[in-house]
Amino acid sequence: MITFLKQYFTDIYEAIVSLLKGMKLTGYYFTHHKEIITQEYPENRATLNLPERFRGEVVMPHDENNEHACTGCSACELACPNGTIKILNKFEVNAEGKKKKAIDTFVYHLELCTMCNLCIVACPTDAIKMAQTFEHSVFDRSLLTKKLNQPNSKLREGIE
Amino acid sequence: MISLENISASIHQLLSANLSQTAVILIEMSIIALLAITLFALLGLILVFMERKVSAWIQIRLGPNRVGPKGIFQTTADTIKLALKEGFVPDGADKFLYKLAPFVVMIIAMMLLAPIAFAKNFAMWDLNIGVFFITAISSVSVIGILMAGWASNNQYSLLGAMRSGAQIISYEISAGMAILTIIVLTGSLQISEIVNSQSNGWWLFKGHIPAVIAFVIYIIAVTAETNRAPFDMAEAESELTGGFHTEYSGMRFALFFLAEYINIFIVCAVGATLFLGGWMPFHIGAWEGFNHIMDFIPSSVWFLGKTFFLIFVIMWFRWTFPRLRIDQLLNLEWKYLLPISLFNLLFMTLIAIKGWHF
Amino acid sequence: MFEQVSANNNGELVINVGPQHPATHGVLHLLITLHGETVTKLEPNLGYIHRSIEKMCESLSYRQFIYTTSRMDYLSSHINNHACALGVEKAMQIEIPERAEYIRVLMSELTRLASHQLWWGAMAMDLGALSPFFYAFREREVINDIMEETCGARLTMNYFVPGGVMYDIHPNFVKRVKDFIVLFKSKIAEYDELVTGNVIFQNRMKNIGIISKEDAISYGCTGPTARGSGVSCDVRKNYPYSIYKNVQFDEVLEYGCDAFSRYQVRIKEMYQSVRIIEQLIDQIPEGEFQAKTKAVIKLPKGEFYTRVETARGELGVYIVSEGGTTPYRIKFRSPGFSNLSALEHMVKGHKIGDLVAIMGVLDLVIPDIDR
Amino acid sequence: MENEELIAQVQTRFPEASIVLGNDFPEVSIDSKQLLPVLQTLKTEPSLAFNFLFCETCVDWKTHFTMVYHLESTTHRHNLVIKANLDRVQPEIETACHLYRAAELHEREIFDLFGIIFTNHPHLRRILLTDDWVGYPLRKDYDDPINMIKL
Amino acid sequence: MGSGTLITLMLAAIVFSAGGIAVSKILTKGSTNLQKGQAYECGVPTAGSAWKQFNVGYYLFALIFLIFEVEMVFMFPWAVVAKKVGMLALVEILVFVFILFMGFLYAHKKGALKWM
Amino acid sequence: MDVKVTPPSEPFPGTVHPTDGGGILLSTLDDVINWARSNSLWPLVFGTSCCAIEMMSTAAAKYDFSRFGFEVARATPRQADVIIIAGTIVNKMAPVLKRLFDQMPDPKYVIAMGACATSGGPFFYNTYSVVKGADHIIPVDVYVAGCPPRPEALLHALITLQEKIKSGATRDQIRIEMKDNGK
């Protein structure tokens, strides 16, 4: 009987101690507001810096002359695992009168894209890269299908 | 000095001077009804907001802060949203009971407000068996929960209702025992008298160890009785999805939600009254100056302060502990709380009779 | 769909747990029969996230198929990618630069830590304690930031490629990992304070979900689930791959056979992961991060089986090649699938609350099970 | 036990089986009717003690199916692959789930995706796909023009 | 005032709840579909109704604790006068609690306090 | 192929209307209602795969969507306002999702999170069991791309949804408006 009672009260004591330990920890966080790690997203938009390797969406950089580096070789289209990229080519006649394949439309399905980076790796001319944008919310998913080459853009000189 | 007591007395005088007795009673009743509804809504808003902020700070985050300054209109938005959400009755449900259940829970919660002394000499109805009234009426709320769970015709609801039935009934006992230990000391069931008996010190301090034990048991038991984590068997989100109110939506769900928080307020108010001296200010023996300063703080502030402290403790429990299993919960009751509270009561009786308390 | 379930009259309830249930961590569907509140029968029903990855992989090239495996067991995406990359490399007999090996193991162990932290938080949440979830995510976010800086993504990295890794580690990587280790060591004591030592938690975890050593082997359990029953099954120890044979670490074994042992295995594994990271972080050799490979990978004809240790157990990748650019058949032996089969054995005779606790400690990732 | 030794020992026990050393494990090809006795021997024989079925799958070779069982011994740490060819028209094989409990779910999955009948299986039903699904998707001749968009 | 307060509060509760529900009825428009009214059980159709015989153990449990509850009610009047009556009250309650405790032990031994 | 292009740098939705206490000053009842609804979106606990982890990250302390009054995640659709479809929807899951959506009381909103829920994403081609976009089953209000989207992207989607609710526009109205703007 004595041992039973002893056990009984030791159990209670240990239980209460273990519970108080937990309460001490949560109580500590309750009273120490400097531990709060929340980043307030829409308010911190100006200061939000994402790592430069973050893969947000595929973009095609254009320089000030509205020129890009995409030759329309379709390497990215082949590398893409799930058909995110479609390249529509056209034939341009260049100065020497030769017909040359050039890009007409670089279709990019952002709604399909999984940001796996395989197209960027595959691109021989570094014409596309990953941008750090992430605010892709839309009301209609057709808006997520994008044309990456800007209107009337041209292939930069010296890129084959 | 302006106090709730003076205001109510002057209103009464003003009315009785000009009107007949029936009219006075009618007007006073409608004032009470209005006050009760306002208090009810206000308490709900404040407590829900408090819960969200407490949880946020414990969980190292900010909590609601975008709706209104510092987020104080967050719960208002929630209430309006819930009120304007479609409330519908499942096809398979027992329509009458399903609709009745939130009313039962609400009526119980509202009636429990009656005997509570919010300030010095200020209670809606200071009846002479106040504590007994609270014990008796609060057990009825389990019927509302059982009704809701059964009428929903949903197996999760049914399980939740069964659990909460067993849980509330059993924890009622130890809560009652804890209350009894104080009744033995005061020799009265009237709330005003219980508070008055603590004018020279709170029972928590005057009643030696048994009072402290009773206080701890009371807090544990009422946490269970109000279905709060770690005893939230009836809802048990990760087990029973929503427990007894799985099928409730819109305003009816809001009523359950509100009643839950009002119940917390009530049990904490009773705890504060019994153990922490209700609206009595905090006094330390012979420190006259200190005691005088304490007297300056209005009695309602004292009462609300103590109550909200207890509410905070219960919230603290919730955000710290994992949930018990249903059989462990009942084990805790009949293996630990019930025997201890029984012996504690006997011990306290001995102390009271011998006059060993302060 | 199920064997005939009759609404019998002996007070038994037949309840669906899942597919949308907070405790199933996704879309697992369990049909449980309750007597009172005791589970007498449990039947898993899978396929609510069966995405036919195996069929899909048959039409993807060897470079492409790796990324789908990140979506299988997304909590150990690096380790999944590692298994596939290893399989391709073994078949092609590519020598991987040592730097890449170091980076891979470091990343794998960081992933394991992140996965175990998420498990810890989610399990506590299943048991009704909500705050541990937030504390666990605080540390996990630090790992996520490190990953994001180097790999460019937070969850589904696609960083391991056949022949090495996609790009070199970020210059800050070593420093940030070291900082993280310091932080983590100071915080893991909180885990014990808040959960492990808690009397409610211990009572809920001990003596439930018991599975003996023999049963665990027979059910094909691996990972912490089996190691909690004393089965030595750590692939990193038994069949060391990459540079695990050069690293000092212990295989954590517990002999309690119950849910609490499995819990302890996972907690102790976190310490072992930290130990591995500490050994490697200062010794990343200089050199290439990727071996030269052909643009188009063609595997020789044959069958290749690769096994790695993910956070949940043994992942096997069985590649059948016909010599083409795409695999002829791929089978993923996922750890969760076998661990799930032992669930009924563990749960029978326990309460609903125990079911939730046992599932929490099994750490099921449903897309990993359904594939 | 080293692979050569293992092969020799298995060969003496099952003279009719053909054993080759594959890329990873020794591979034993047996007749599908012999599966259960072979597994029984492999599991109970103390020097072999293959008590852990870590992977079970099927490969559709267009002309026939091949069931593949990956076995491991947790005491001796050696591995073995059992292969059994099945007829494509009426694929049937004895279940292994009474020897290895792990096989139960694996076999249900194989039934679901390949349509192989496991005799004596306690509840052979679809597990991943809905009950009204037509066809067995991992077969090579499976075609679903509605759900499957070919790239 | 007296019991009138109680009736007032009851009415207040009814007005409050009914008012809320009425407002939501007036201001919201719902939609109907075939599945909306069915019982929610994790998103799959339920296996039968919840209204069937369930375990008698639940009732047993409730009954036993109900008995305790009634006993506790008997103790309230005693508690009020305990201090005045003195030692006799202690002896009386000892007897009372002893019998209660015996009953409790009996119920425990019979396994009535075991949750199903 | 008809290719649509998003106009560059649309105004950020979160900054269009100041949210601070605007509700009490609004004049019409509709505005109050929309204000309340937009600020009290209780999500249904619904996640099928990877995106669910990012959803949990959004709930966790660092991103903390409770700032928007979003944290009251309900396990039952009866009390939820918004489903965040976090993860792939397969054919077997489709009736379940439909049922969950049907069982939600009005008003109800849907956010399709990630590539899988938007369009099938990585499992668009060569799979026999994946639904190619959750909008084949239930109407979706806001799509957010990414695999999985960052927590900030989910918050952005949430703010976008709030803007939509505040404007009171229906899906059809938005579609017409977009057509008018030539988008």
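Reader: How much area do chain F and chain A bury between them?

Author: Keep in mind that this is a predicted model. The contact takes in 43 residues of chain F and 36 residues of chain A. Carbon and sulfur atoms carry 67% of the buried area, and the total comes to about 3,400 Å².

Reader: Which element gives the most to the side of chain F that touches chain A?

Author: The elements that put two or more residues there are α5 (114-119), β4 (142-144), α6 (151-167) and α7 (171-180) of chain F. With 8 residues, the top contributor is α6(F).

Reader: By class, what residues make up the side of chain F that touches chain A?

Author: Charged residues are there, yet the rule finds 0 salt bridges across the interface of chain F and chain A. Polar contacts do turn up, in 7 residue pairs with both residues at pLDDT 80 or more. Sorted by class, that side of chain F has 22 nonpolar, 9 polar and 12 charged residues.

Reader: How many disulfides does the structure hold over all chains?

Author: A disulfide here needs two cysteine sulfur atoms within 2.5 Å. For Cys50(F), the nearest cysteine sulfur is that of Cys51(F), 6.1 Å away. Over all chains, the number of disulfides is 0.

Reader: Why is Cys73(A) not bonded to the closest cysteine sulfur, and which residue holds that sulfur?

Author: Cys73(A) is partly exposed, at 41% relative accessible area, whereas Cys50(F) is buried at 6%. What rules out the bond for Cys73(A) is distance, because a gap of 6.1 Å is too far. The closest cysteine sulfur belongs to Cys123(A).

Note on methods
Residues are numbered from 1 along each chain as its sequence is written. Chains are lettered from A and ligands numbered from 1 in the order in which they are written. This is a predicted model: local features need pLDDT of at least 70, side-chain atom pairs count only at pLDDT 80 or more; totals for chains, interfaces and linings use all residues. Side-chain values use heavy atoms; hydrogens and water are left out. Contact means heavy atoms within 4.5 Å. Buried area is the accessible area (1.4 Å probe) that two parts lose on being put together, summed over both. A salt bridge is a side-chain nitrogen of Lys or Arg within 4 Å of a carboxyl oxygen of Asp or Glu. A polar contact is a pair of N or O atoms within 3.5 Å; within protein, one must be able to donate a hydrogen and the other to accept it, and residues adjacent in sequence count only if both atoms are side-chain atoms. Helices (H or I, at least four residues) and strands (E, at least two) are DSSP runs, numbered from the N terminus. Ala, Val, Leu, Ile, Met, Phe, Trp, Tyr, Cys and Pro count as nonpolar, Asp, Glu, Lys and Arg as charged, and the others, Gly among them, as polar. Buried means under 20% relative accessible area, exposed over 50%, partly exposed in between (1.4 Å probe, protein chains only).
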